[in-house]
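Student: I would like a close look at one part of this model. Please take a single chain and go through how the part is built and what it touches.

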Amino acid sequence: MSEVLIEGGLVLGPSGPVEADVLVREGRVVEVGRALTAPDADRLDARGCWVGPGFVDIHAHFREPGHEYKEDIASGSAAAAAGGYTAVVAMPNTQPAIDSGHLARYVADRGREVGLVEVVPSGAISEGRLGEKLSHVDELWAAGVRIFTDDGDTVADAGLLRRSMEYVAQLGGVIAQHAIDSGLAAGGHMNEGLVSSRMGMQGVPSLAEEIVIARDLALVRATCVRYHVQHVSSAGAVALIAAAKSEGLAVTAEVTPHHLTFTDVEVRSMNPVFKMMPPLRTETDVAALREALADGVIDCVATDHAPHADHEKDTTFEDAPFGVTGLEWAAAAVHTAVGLDIERFFARMSSGPALVAQLADRHGQPVGVGSHANLVVFDPTAATVAETTRSQSSNSPYLGRSWTGAVRFTLLAGVVTHASVGVPS
Amino acid sequence: MRHLLTTEGLARAEIESFLDDADEFVEVLSRPIPKVPALRGKTVATMFFESSTRTKMSFEKAVKALSADTMSFSPGTSALKKGESLKDTVLTIKAMGLDAMIVRHSDTGAAWRVAEWAQVPVINGGDGQHQHPTQALLDCLTLRRHFGPLDGLRIGIVGDIRHSRVARSDVFAMSTLGAEVTLVSPPTLLPLDTTGWPVKTTSNLDDILTELDVVYLLRVQAERGGASVFPSYAEYRQRFGLTRERFNRLKPDSVVLHPGPMIRGVEIDAAVADDSRALVLDQVANGVAVRMAVLFQLLGGERSE
């Protein structure tokens, strides 16, 4: 296998950032130091860039099987690699839902065949995601599933949720909740508040999220399960998570780049690229989310990359489905919105999510001799305009806008999976 | 490309210019042959994705009185039912050749989306619970023809504000013309947050009744779950209905407006609806003239007289 030499970057090593070259061979980092020479290596220019563990997205929709007209594992993987990701947890709301072992293995196998990122399946909590009976949890676990979620829907039945928490806790897995109370959210398309009042549109109040989290936390106390809150959107939800963490509960949380970037004012454009669940909220919420990501109350960034075909978004805001894409620009958007230093940036983009998804044995590792060569080279100062996408769908609020930061190279197991500038073959 | 999508942000001069032209068209409509050749050769499509009788008829009458042709679209028989996207529907109809589109839809922002795709002037004929700008213009025309300039006029808009595109349109047009607007509504039918709206709000009609020059009644919209957001129609009438008794307490020169259809015995007593100070039928007549003015301006019609 060939060697790759990453030259001249600021490298996030085990004891902090160092200016160094990184030599990669056979899927591992073999040397970190100044002015390394490797005559046969492919050389990657990382001057002015951060070199760290590849990003890990614990929340993306690759739509395969069942909705390949929106996205498939190949196109989703290409978008992920371009976004600097080396691992992606695929959500189970496919057709059929990933609720049994062979389906989970199919997703992982397709990911390996494509070979651009490690595609890690998550599994449904309930069979068919119907919220009625437990999915095939043991089979899913054996197939490598660690995150269990009915994402897209909330597990509303507290009895079912409690039983799934008890079962998954015993295995050591994670229950991840898409926390939206369907009664409070009924008929809603955007944040409930000043803007929705002006637009005459039915809203989804922050309460819809907070009520579910508050209820779930009571069950977490009773079951001691590892509980993860997906796509936190409101200041109230942040406060609940902060309190649960200080109480010592095994609670983690993610935030999307779009909730860190945009507010409900964008909905005034009438453009469905600003429609997702939970909805974009207010400046107060965005400020709370940014602060929570910076100080670690929120553990990680997750994209909630949710492709929908153009024809599904070529309609009114209310008629359009929820969800937007974002894998390719997530890092730049987060960097633009929050401006974390190199250590916290990789903590929230790479090591944090790797820990939640139990992938830390191979992803999110500091770059040191012997570490897995799942790496990203990120230029924190480049000004970039998002112009095209590798996803099959273009329902993205990032397209057409300029961002600070760009992914230069991505390496999976030592192999370059993305290069934004000419790379020797 | 000029559209008419919302009254929010319309300048006073723009509104007045529509009303000035509409005054002329009121005169045209009173002639033995109520028709001018201003838009001869133009084609206007009425695209009503949400059913409507009177607004559609009013627009069609306006188009014909300007000597343009109409094409109409009704969703019941359209390809939308077969799964075609809204954009494809719009582009298909556009390809038949037309000069403007009038769009009504049950979703907020539909006319904005159509305007983005169609590349012809678009008139919002009502989008969800958001805007209905020609309704606001016809209301302003009715009031201006009755009172003169609206400056200082005290207008109470009474009823289901939360679900009303008429209220959202009137508030901005009327206040831009200098009127003082108060929204009167049960708390469950007031928009959640009206910060920044040029209005006062109250839940007590009787508090302001005697100050009002205009009582603008909104229909109690049963189809929006009306009865579940206040105790009963009888109680609604008691607190918010323009009963005969309340009507008698109004200032003698005040008037009553209603966008129709009226539910007699709920928001308005029958005797009030039939009183000469209820300008409901003037509103309907002025609606044709206002829509002529809007079409005339957006389509760059030529004056022939």
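Tutor: What follows is a walk through chain B, with the five-stranded sheet as the centre of attention.

This is a predicted model, with an ipTM of 0.92 and a pTM of 0.94. Chain B has an average pLDDT of 93, and 94% of the residues score at least 70. Where pLDDT is low, the predicted coordinates should not be read in detail.

Start with the division of the chain. The domain assignment splits chain B into domain 1 (12–132 + 284–298) and domain 2 (133–280). Taken over C-alpha atoms, the centres of domain 1 and domain 2 of chain B are separated by 26 Å. Contact between the two involves 23 residues of domain 1 of chain B and 21 residues of domain 2 of chain B. On the domain 1 side, helix 1 (12–29), strand 4 (122–127) and helix 11 (280–298) of chain B each supply at least two of the touching residues. Helix 11 of chain B gives the most, with seven residues. By class, this side of domain 1 of chain B has nine nonpolar, ten polar and four charged residues.

Now the sheet itself. Five strands of chain B form an open sheet in the order 7-6-5-8-9, with parallel pairing. Strand 7 (199–202) and strand 9 (255–257) of chain B are the edge strands, and each pairs on one side only. On average, neighbouring strands of this sheet are turned by 20 degrees against each other, direction ignored. Strand 5 (residues 154–158) of chain B pairs with strand 8 of chain B in the parallel sense, over four bridges. Within strand 8 of chain B, Tyr216(B) is the residue opposite Ile157(B). Helix 6 of chain B lies across strand 5, strand 6 (180–184), strand 7 and strand 8 of chain B. The angle between helix 6 and strand 6 of chain B is about 160 degrees.

One loop residue leading towards strand 8 can be followed in detail. Leu209(B) is placed in the loop between helix 7 (205–208) and strand 8 (214–217) of chain B. Is Leu209(B) buried, exposed or partly exposed? Leu209(B) has 19 C-beta neighbours inside 10 Å, and therefore counts as partly exposed; a buried residue would need 20 or more. Leaving aside neighbours within four places in sequence, Leu209(B) is in contact with Arg246(B), Arg249(B) and Leu250(B). Lys251(B) is 42 residues from Leu209(B) in sequence, yet the two are 8.6 Å apart in space, C-alpha to C-alpha.

Last, the boundary with the other chain. Here 20 residues of chain B are in contact with 15 residues of chain A. Helix 3 (86–95), helix 4 (110–118) and helix 6 (165–176) of chain B each supply at least two residues of the side that touches chain A. Helix 6 of chain B thus appears in two places in this account: across strands of the sheet, and on the side of chain B that touches chain A. Helix 4 of chain B gives the most to that side, with three residues. The residues of chain B on this side divide into five nonpolar, nine polar and six charged.

Key: Residues numbered from 1 in each chain as written. Chains lettered and ligands numbered in written order. Predicted model: local features only at pLDDT ≥ 70, side-chain atom pairs only at ≥ 80, totals over all residues. pLDDT = per-residue confidence, 0-100. Buried ≥ 20, exposed ≤ 12 C-beta atoms within 10 Å, placed from the backbone. Contact = placed C-beta atoms within 7 Å. Nonpolar A, V, L, I, M, F, W, Y, C, P; charged D, E, K, R; others polar. Domains from an automatic or database assignment. Pairing = 2+ DSSP bridges. Axes fitted to C-alpha atoms, helices over the stretch in contact; angles between N-to-C directions.
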